[in-house]
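Dear colleague,

I am handing over the structure below, together with a summary of what turned up in it. Please have it open beside this message while you read.

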Amino acid sequence: MATRLNIMGLIEQIVAAENLQAAWAWLASRRKRSHHNSDYWHLRHHRQQLEPEIIAAICDGTYQFSPCQQYEGGLVWCAQDALVLKAMAQVLSPYLNPQLSQHCFHLAGNGGAKDCVNAVHEQVDEYRFVCRSDVNSYYATIDHGILIKQLQALIPSETVLTLLSRMLDRLDDVQGVLHPVEIGISKGNPLSPLLGAVYLQALDEELGQYCAAQGLFYARFMDDWVILCRTRQQLRTGVRIMNRVLDRVKMTKHPYKTFIGRIKESGFDFLGYRIGNRLRAGLDIAWKTWANHQGKLCQLYEQGVSERDIGQYVVRGVGLGK
């Protein structure tokens, strides 16, 4: 499919039959247990009628997103919008990934969280100082104007940019009251991980260039990142670069998840793991991760979740592996 789509424009790729079929399959896996009154069943039942209308609206630039519904679990896109967003994500991810930094591990093909943790662990013995940080309320503080300017430099299609702009400047339906959203993106959006990578691309570029020039180490996963340095002066310079970029994109460091200083013998926490000297502290699950895991298990038992599903949660949630 990729070979065929590469010769087409981005909009043509989004509405291509194979791409839409993959988006339908994804939507079915996510909404198959939806309530019988869910809009997913209406969309699925009337697919033959609605799909051509959706394609036409995307192609002529008139597609509009519906307000996100507020539920106990958070904001949820309507089934049709979720389908369109997934179709866009499937095309834009392979298109944008080569233009983004290899330091960003959550992008497809860059390894993921466990590879990021392993990479940090393999390098930690070479350094004495660390800056480990993340963004305070990351998705909720993404500035739409800044993000659109970043996307304009990467995406040549005005129609795609219009779709993205309409998706960002959405309305949220909270108990029947519509609230305009001028900042932030929803976590349940299939495009959120990609847009998050784009938003902090400047951090990857500037810290990546500095660390490469100084022989240091830098890695990021979503809104968590690590800088490993040999000297305190290198650490100070890295922190200045970090603060300058965050200020530029109107973001701040999380006050309780930031550590800047000498690497302790017991190591430091990153992405749920405790990373330390390979001969002494080694690599282990962080205490907070264990505590959260135990709390979640108690919650699942109280909710009457089956032993099979609890077992699957344990398998997914514990163990690093290489």
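Met222 is buried, with a relative accessible area of 18%, which places this residue under the 20% limit that the word buried stands for here. The backbone at Met222 has a phi near 55°, a positive value in a residue other than glycine, and the residue sits in the loop between β6 (217–221) and β7 (224–229). Please bear in mind, for this and for everything that follows, that the model is predicted.

Lys250 is another residue to look at in this respect, since its phi is near 60°, again a positive value in a residue other than glycine. Lys250 lies in the loop between α12 (232–248) and β8 (259–262), and is exposed, with a relative accessible area of 57%. A positive phi, of about 80°, is also found at Gly61, just after helix α5.

That brings me to α5 itself, which covers residues 47–59. The helix has 13 residues and reaches 18 Å from its first C-alpha to its last, close to the 18 Å expected at 1.5 Å a residue. Which residues of α5 are buried? They are Leu50, Glu51, Ile54, Ala57 and Ile58, and, seen down the axis of α5, these buried residues fall within an arc of 130°, so they line one face of the helix. In general, an α-helix has 3.6 residues a turn, so residues three or four places apart point the same way. As for what lies against that face, the buried residues of α5 pack against α2 (10–14), α3 (17–31), α4 (39–45), α6 (79–96) and α9 (158–168).

Turning to the strands, β1 (residues 68–71) pairs with β4 (residues 171–174) in the parallel sense, over 2 bridges, whereas the pairing of β1 with β2 (residues 74–76) is in the antiparallel sense, over 3 bridges. Gln69 can serve as a reference point for both pairings, since this residue stands opposite Asp173 in β4 and has Val76 as its bridge partner in β2.

You may also want to know about the cysteines: how many disulfides does a search of the whole structure find? The search finds 0. For Cys211, the closest cysteine sulfur is that of Cys229, and the distance of 6.0 Å is too far for a bond; seen from Cys229, the closest cysteine sulfur is likewise the one in Cys211, at 6.0 Å. The cut-off behind this reasoning is that the two sulfur atoms would have to be within 2.5 Å to count as a disulfide. Both residues are nevertheless buried, Cys211 with a relative accessible area of 2% and Cys229 with one of 0%.

Finally, some values for the chain as a whole. The protein chain contains 14 helices and 11 strands, and its radius of gyration is 22 Å, close to the 20 Å that the globule rule gives for 322 residues, so it is as compact as a globular protein of that length. Along its principal axes, the C-alpha trace spans about 65 × 50 × 40 Å. Of the 322 residues, 47% count as buried, and, among the contacts with a separation of 6 or more, 69% are accounted for by residues 24 or more positions apart.

With best regards

Notes:
Residues are numbered from 1 along each chain as its sequence is written. This is a predicted model: local features need pLDDT of at least 70, side-chain atom pairs count only at pLDDT 80 or more; totals for chains, interfaces and linings use all residues. Side-chain values use heavy atoms; hydrogens and water are left out. Helices (H or I, at least four residues) and strands (E, at least two) are DSSP runs, numbered from the N terminus. The expected span of a helix is 1.5 Å times one less than its number of residues. Buried means under 20% relative accessible area, exposed over 50%, partly exposed in between (1.4 Å probe, protein chains only). The arc is that of the directions from the helix axis to the C-beta atoms. Contact means heavy atoms within 4.5 Å. Two strands pair if DSSP finds at least two bridges between them. The radius of gyration is taken over C-alpha atoms; the globule rule is 2.2 Å times the number of residues to the power 0.38.
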